[in-house]
Amino acid sequence: MNPEIKSMTLAELRNALSMLGQPAFRARQVYHWLHRGVRSFEEMTDLSKLLRQTLAQNYLLTAPKVVRRQESALDGTVKYLWQLHDGNCVETILMRYHHGNTVCISSEVGCPMGCAFCASTIGGLVRKLSAGEMLDEVLFTELDSGQEISNIVLMGIGEPLDNYDNVCRFLELVNSEDGMNIGMRHISLSTCGIVPRILELAESRLQLTLSVSLHAPDDETRSTIMPVNRRWPVEELLAACRTYYEKTGRRISFEYAMIRGVNDSPETAALLLKKLRGLPAHVNLIPLNNVEESPLKPSERITVLKFQKLLEDQGVACTVRRTLGSDIDASCGQLRRKYTTRNA
Ligand code: SAH
């Protein structure tokens, strides 16, 4: 198959076009078209017909199709199910906050990590997304919705640090001045805790926000709900978070899904406080979203609020995530799951 042109950086495009005998300025012209979301080379109207044909013969230009578009009647959240060029599907969610529009994008088709409460991982990993395909999620959500995107969270289907190289390339593309120019401080990346990649990311000193899906402060509980913990246990993960903070100066955000009777007791809150001591952190409590296939249930609202208070009383910043789009299966992986099960 031809290489994907949208995954190329401007420098790579410059090289490729100079090999085709094109002048230097041509690369930027093509790059602009790509990052404006054209669906075919034909649309690049200021290039010669011949060059458009040559590009079409040598490169794949990706542009996903909308399979489903669900808008929440409650809060305006829009959930997209996209079909990729090979027929696979991924989800993107557009959320409207007062500080701007945020897209939650997928980084893989399916997920290999096996977390017990997550719908995305039920069928395992199908494949990783390319950098261009992740960019497409942002671009085409903006184009379809007519809403300018100012923030990106890598919290959809997949484990971004399992697709490290493509994710880094995506960050470079979406951050580029000749592209969407979205600042690193407007981007969050969520990981289940692949320690060597957290350390590698720390070395890059990018100013993005690292979110770590902690969900339990002790190895026994965490290993039961998150298999990744057997490979990199809590202490190693938190040590990597400390290094990340030291290298980047960025406070870590911890995600904590509240699961009834599993990780929501006051004793667990006390242990969490102990483990986070000295680490500038923000804890985001997420009321567990019900996943049909899972026996795990969300904590009672009052339990969540008590847990939050225990953390706050000890000076740890702690918020309870607003549930957006609960009427449209907005928890990641659920829509793709329904669609692929029905069409299997
Ligand atoms: N693989 C990455 C990012 C994808 S999931 C990660 O693990 O962080 C984004 C967040 O949603 C993670 O914190 C994940 O643990 C959480 N999540 C998954 N399923 C959930 C559910 N049913 N209810 C609440 N949170 C869930």
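Q: How do you know that the whole structure has zero disulfides?
A: A disulfide is a pair of cysteine sulfur atoms within 2.5 Å, and a search of the whole structure finds zero of them. For Cys115 the nearest cysteine sulfur, that of Cys192, is 5.5 Å away, and for Cys168 the nearest, again that of Cys192, is 16 Å away, so neither residue meets the 2.5 Å limit. This is a predicted model, in which local features need pLDDT of at least 70 and side-chain atom pairs count only at pLDDT 80 or more, whereas totals for chains, interfaces and linings use all residues. Residues are numbered from 1 along each chain as its sequence is written, and side-chain values use heavy atoms, with hydrogens and water left out.

Q: Why does Cys115 count as buried?
A: Buried means under 20% relative accessible area, exposed over 50%, and partly exposed in between, with a 1.4 Å probe and protein chains only; Cys115 has 13% relative accessibility and therefore counts as buried. Cys168, with a relative accessible area of 26%, is partly exposed.

Q: Why is H4 largely enclosed by the rest of the structure?
A: Of the 15 residues of H4, 12 are buried, so the helix is largely enclosed; among them are Met134, Leu135, Val138 and Phe140. Helices are DSSP runs of H or I with at least four residues, numbered from the N terminus, and H4 covers residues 131-145.

Q: What makes a polar side-chain atom of His215 and an oxygen atom of the ligand a polar contact?
A: A polar contact with the ligand is a pair of N or O atoms within 3.5 Å, and the His215 atom lies 2.6 Å from the ligand oxygen, so the pair qualifies.

Key
Helices (H or I, at least four residues) and strands (E, at least two) are DSSP runs, numbered from the N terminus. The expected span of a helix is 1.5 Å times one less than its number of residues. A polar contact is a pair of N or O atoms within 3.5 Å; within protein, one must be able to donate a hydrogen and the other to accept it, and residues adjacent in sequence count only if both atoms are side-chain atoms.
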